[in-house]
Amino acid sequence: MPRQVVNVSVTPRGSLEILSQREVQNLSQFGSGSTYQLFRQCALAILNTGARVDNAKTILEAYADFEVHIHQLDRGVSLELRNAPADAFVDGHMIASTREMLFSALRDIVYTESELRNQRADLSNSNGITDYVFHLLRNARTLTPGVEPKMVVCWGGHSINTEEYKYTKRVGHELGLRNLDICTGCGPGVMKGPMKGATIAHAKQRVTDGRYLGLTEPGIIAAEAPNPIVNELVILPDIEKRLEAFVRVGHGIIIFPGGVGTAEEFLYLLGILLHPDNRELPFPLILSGPKESAGYLQQLHEFVGATLGPAAQARYEIIIEDPVLVARKMKQGLAEVKQFRRERSDAFHFNWLLKIEESFQRPFEPTHENMANLELRRSTPPHELAANLRRAFSGIVAGNVKDKGIRLIEQYGPYEIHGDPEIMQPLEALLTAFVEQQRMKLPNGSAYQPSYRVVS
């Protein structure tokens with residue numbers, strides 16, 4: 001990987017909370033410790049915004065000599081960067097959006113470490129985990145009380161074709177014309193397209209406070225650097241906290257074409273919506289794409305039917321090649337969310353009424369043993385089966401793009417996924433289609449080597 005690097009010191013601009021001397025000392029003294037390495041990894045990913053690489057291991061190895069040092073100043077904190085990617089700078093000055101996101105990463109990692117170190121977070125039960133997610137979002141100033149529901153979450157792949165990307169921009173544009181805000185996983189592809197479309201629409205409507213919220217976690221951000229449109233970045237501690245943040249802060253969700261990461265998110269949400277306690281709770285969910293993606297969306301729909309059944313299929317709507325209809329349906333759905341929450345005195349800024357079982361909240365460690373032991377049986381209740389299918393896709397994501405997962409695959413070979421043939425066959429068919437459609441890696445990148453093996 002050819003590269004140019006710079007050495008520079010930067011100070012924060014934006015909403016970073018002032019750090020105490022103790023917090024700076026704690027973060028600085030780690031040196032090669034896990035917390036320091038976590039921040040270094042996130043910082044390097046942010047500085048690589050725009051790079052078309054979706055392999056965390058490749059990025060970390062290309063900038064193995066990158067260093068970041070935290071210094072306490074009388075008025076706050078500064079970061080000394082050594083051998084930093086030069087693309088993050090213009091005429092010696094760091095790009096403003098990059099600077100904001102860099103200090104957002106510092107804010108989130110320091111706060112997470114502080115909460116856990118001081119044992120203020122109770123992660124022993126479901127309510128405590130939800131409370132922890134709430135505090136992480138509140139500390140990032142993401143929760144704005146009193147604002148009526150208008151945050152639309154857009155899920156989809158970072159590895160999509162040109163027509164699919166253009167379609168996400170068109171949908172984002174229609175959402176923006178209706179004064180709706182956008183939340184994504186903050187990376188490229190579907191995570192960028194709706195934001196880009198909404199920025200133009202917001203400019204047309206003279207919306208000056210449009211929100212482009214990006215939610216990520218350390219293992220993902222290293223492979224999918226934030227796109228520069230993101231004006232609010234939050235780094236959650238793990239994938240499960242990130243997923244809960246999406247469904248707690250978002251008021252409706254649109255799912256565009258994607259790969260295993262998108263399937264993971266989709267199954268996570270379906271598993272929650274299938275819980276009996278959420279049967280009456282309105283949550284607008286739309287699958288959409290251009291006409292070229294109709295086959296993909298139908299295949300995903302059939303996979304849900306084959307594994308989770310018609311009740312799961314009834315929780316969403318499929319709209320092909322109609323951005324205006326998508327935006328109108330979402331606007332209508334948000335009105336129902338608003339009425340529902342008003343009647344029950346629930347907050348607009350955080351979905352407290354949504355029931356999420358602890359099995360959806362506990363971090364899943366994608367080791368070879370854990371992947372092989374997943375219960376993918378027809379006899380499993382649908383919402384529990386959805387949780388286990390979500391874990392299977394999460395493991396494949398780890399093996400595809402996360403540094404730790406890639407190294408495990410290199411050492412022990414592909415993960416093995418076991419289950420009933422009635423579930424394994426549609427699973428393998430879906431994964432095979434993802435590979436054939438280049439939904440596992442960035443198009444025109446290196447050839448995909450499967451990180452999994454389906455065993456029925």
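How many residues does helix α5 have, and how far does α5 reach from its first C-alpha to its last? α5 has 14 residues and reaches 20 Å between those two atoms, close to the 20 Å expected at 1.5 Å a residue. The model that holds this helix is predicted.

Start with the whole chain. The protein chain contains 18 helices and 14 strands. Of its 456 residues, 59% count as buried. Take the contacts with a separation of 6 or more: residues 24 or more positions apart account for 77% of them.

Now return to α5, residues 126-139. The helix is mostly covered, with ten of its 14 residues buried. The buried residues are S126, G128, I129, T130, Y132, V133, F134, L136, L137 and N139. What covers them? The cover includes the helices α4 (96-117), α9 and α14 (358-361), together with β8 (212-216) and β9.

Take α9 from that list. This helix spans residues 239-249. The axes of α5 and α9 come within 10 Å and cross at roughly 75°. An angle of 65 to 115 degrees counts as roughly perpendicular. α5 and α9 are therefore roughly perpendicular to each other. On the α5 side, the contact is made by I129, T130, Y132, V133 and L137. On the α9 side, K241, E244, A245 and R248 take part. By class, the residues of this contact divide into five nonpolar, one polar and three charged.

Past α5 comes a loop that leads to β6, and R141 has its place there. Is R141 buried or exposed? R141 is partly exposed, with a relative accessible area of 48%. The C-alpha atoms of R141 and E232 are separated by 8.8 Å, yet the two residues are 91 residues apart along the chain.

β6 leads into the sheet. Seven strands form an open sheet in the order β9-β8-β7-β6-β10-β11-β12, with parallel pairing. Which strands stand at the edges? They are β9 (232-235) and β12 (317-320). Each has a single partner strand, so one side of each is left without a neighbour in the sheet. Direction ignored, neighbouring strands of this sheet are turned by 25° against each other on average.

Look at the β12 edge. Strand β11 (residues 285-289) pairs with β12 in the parallel sense over four bridges. L287 stands opposite I318 in β12. A helix also lies across this part of the sheet. It is α13 (residues 323-343), and it lies across β6 (151-155), β10 (252-255), β11 and β12. α13 runs at about 155° to β10.

Two loops hold residues with an unusual backbone angle. Most residues other than glycine have a negative phi. C186 has a positive phi of about 80° although it is not a glycine. C186 lies in the loop between β7 (181-184) and α7 (193-204). With a relative accessible area of 0%, C186 is buried. R206 also has a positive phi, of about 60°, and is not a glycine either. Its place is in the loop between α7 and β8. At 66% relative accessibility, R206 counts as exposed.

Further along the chain is helix α16, residues 382-401. At 1.5 Å a residue, its 20 residues should span 28 Å. The end C-alpha atoms of α16 are 28 Å apart, which agrees. How many of the 20 residues of α16 are buried? The count is 18, so α16 is largely enclosed by the rest of the structure.

H383 lies in this helix. H383 is buried, with a relative accessible area of 13%. The cut-off for buried is under 20%. Leaving aside neighbours within four places in sequence, H383 is in contact with G271, L274, H275, E357 and F360.

The last stop is a pair of strands. Strand β13 (residues 415-418) and strand β14 (residues 452-455) pair in the parallel sense over four bridges. I417 stands opposite V454 in β14. Where do the side chains of β13 point? They alternate along the strand. Y415 and I417 point to one face and are buried. E416 and H418 point to the other face and are not buried.

Terms used:
Residues numbered from 1 in each chain as written. Predicted model: local features only at pLDDT ≥ 70, side-chain atom pairs only at ≥ 80, totals over all residues. Heavy atoms only, no water. Axes fitted to C-alpha atoms, helices over the stretch in contact; angles between N-to-C directions. Parallel < 35°, antiparallel > 145°, perpendicular 65-115°, else oblique. Contact = heavy atoms within 4.5 Å. Nonpolar A, V, L, I, M, F, W, Y, C, P; charged D, E, K, R; others polar. Pairing = 2+ DSSP bridges. Expected span 1.5 Å × (residues − 1). Buried < 20%, exposed > 50% of the residue type's maximum accessible area, 1.4 Å probe, protein only.
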